[in-house]
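Reader: I am new to this structure and would like to learn how to read it feature by feature. Could you take me through it slowly?

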Amino acid sequence: MQKSTDKKYTYQPSRLDAATAQHILVEIEAFNAEYCAVLDAGQVELWPEFFTEDAIYRITSRENADLGLPVGLVYAEGRDMMHDRAVAVNRTQMFAPRYNLHIVTNTRVVDVNEQGEIQAEANFLLIETLVEGPSTTHLAGLYYDTFVRSGDKLLLKERQVIHDTNILANDLVYPV
Amino acid sequence: MQKSTDKKYTYQPSRLDAATAQHILVEIEAFNAEYCAVLDAGQVELWPEFFTEDAIYRITSRENADLGLPVGLVYAEGRDMMHDRAVAVNRTQMFAPRYNLHIVTNTRVVDVNEQGEIQAEANFLLIETLVEGPSTTHLAGLYYDTFVRSGDKLLLKERQVIHDTNILANDLVYPV
Amino acid sequence: MQKSTDKKYTYQPSRLDAATAQHILVEIEAFNAEYCAVLDAGQVELWPEFFTEDAIYRITSRENADLGLPVGLVYAEGRDMMHDRAVAVNRTQMFAPRYNLHIVTNTRVVDVNEQGEIQAEANFLLIETLVEGPSTTHLAGLYYDTFVRSGDKLLLKERQVIHDTNILANDLVYPV
């Protein structure tokens, strides 16, 4: 288990003054609550609307991220590809019925660059409940995000989901 | 597992402008932190004070909610009924000693109507620790709330607890 | 399981007006997100920087706290002692590789005294993922904190970690 030499996925202290960071922090909390509510309600067709047209979405294990292997379980480039994925997911929900619940905490606003792009992180748990079963932590990890402003709201330009939990490649179809 | 046709428990996008929603969001986070601290400390006799006189409190499984069956594990109408319940709970704590810990996240302010009533949601985990045992997720689910203002503070006019986790009817006595 | 007679670890309602409490609440959320990001990234050498020079850090089980036994798994007085601990932890990471993820929620601002010291609480889960394994709740509990201001940022003057989960004395080396 060697540590990554890629700075992107290691701790970077926030570079913002406290007042700016706090305002954006609550904005991002509200964004993530909407994002997760859509997924937990099973309305995956609305999921691409949280991204910019050319956004990147990727799910990678912490182990691969630490080894500098960017190849992950899921890779989507652009809203169209996300939309295709959403349609495919909706058609292939053949596995056992279950409920998903996202728990998102520890939001950090790391930086805002000259173009106004916001670099932020958050911790998440994806709690899964099989019907008639207990609730368990299906996935634990971090969001590494780049947000941009579009009118008065935020959109994801990039979301990297890095999960600590080891899962089978075919075990995760649904977006996180 | 059919999806609910009742809009109440499916995803509704927030109808508020971002600035208003954010202010209320932090207010509700503070409210829920107090609410849960009372329950986790075992001071259930203080629990009715978070509600209006005529408030409704209900705990229902996601499965029943999706089927449109409003009958749940717990139903209390009005502070007096909640108070009676709190007294009963306090007298019947005969089961194995345990600690409760609420984890509340993903607060969403969905709407504020003309009467100033706030419709909001949040995700919760109820973590249970049996003495000498590990900590496990006893219950995972959502709060569907209606808040009203009373002076400078919020009160619950209605709290619907919808839990994903399947539990036995006699397994949950304590408020969530 | 008798309840504590020590008021410090039982429920105390917040004594602040809502607007003041909310502002500080987001500040503390941002602080805890940084604090946990450092620990989850394995950069324990940065951990003492979140404390004042003479701060107290303590980890105690809920059971011992309730019995009024302040002796816990970890006790550190002052940044130097924390630094020594961090160095020791870094040298002795001989156990199975694992990832840590902190989930911090339910932040409560309980009081601000005349010296400007902030008394606050938060709930936490420490999620542990053994390499090749699932993610489980290693520790669940509360932070009981005293913050002071240093320039435009907060520092911990005291952090009491009270954990519900029963763990072996030698099972927890790493700060929480």
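Author: Let us begin with a charge over a ring, keeping in mind that this is a predicted model. C:Arg159 lies over the face of C:Tyr143, 3.6 Å from the ring centre, and the charged end of C:Arg159 also sits over the ring of C:Tyr35, at 4.4 Å from its centre.

Reader: With which ring is C:Tyr143 paired, and is the pair stacked or edge-to-face?

Author: One looks at the distance between ring centres and the angle between planes, and planes under 30 degrees apart count as stacked. The rings of C:Tyr143 and C:Phe124 have centres 5.0 Å apart and planes at 25°, so this pair is stacked. It links C:Phe124 in strand S4 (residues 118-130) of chain C with C:Tyr143 in strand S5 (residues 135-150) of chain C, 19 residues apart. C:Phe124 is buried at 0% relative accessibility, and C:Tyr143 is buried with a relative accessible area of 0%.

Reader: Which rings form a cluster in chain A?

Author: Ring pairs join several residues into a cluster, among them A:Tyr35, A:Trp47, A:Phe124 and A:Tyr143. Over all chains, the structure holds 30 aromatic pairs.

Reader: How are chain C and chain A related?

Author: In general, two copies of a chain are related by a rotation about an axis and a shift along it. Here a turn of 120° with a shift of 0.0 Å along the axis lays chain C on chain A with an RMSD of 0.0 Å, and the two copies are thus related as by a three-fold rotation axis. Of the residues of chain C, C:Thr105 comes closest to that axis, its C-alpha being at 3.9 Å.

Notes
Residues numbered from 1 in each chain as written. Chains lettered and ligands numbered in written order. Predicted model: local features only at pLDDT ≥ 70, side-chain atom pairs only at ≥ 80, totals over all residues. Heavy atoms only, no water. Least-squares fit on C-alpha atoms with pLDDT ≥ 70 in both. Phe/Tyr/Trp six-rings, centres within 6.5 Å; stacked < 30°, edge-to-face > 60°. Helix = DSSP H or I, 4+ residues; strand = E, 2+ residues; numbered from the N terminus. Buried < 20%, exposed > 50% of the residue type's maximum accessible area, 1.4 Å probe, protein only. Lys NZ or Arg CZ within 6 Å of the ring centre and 35° of its normal.
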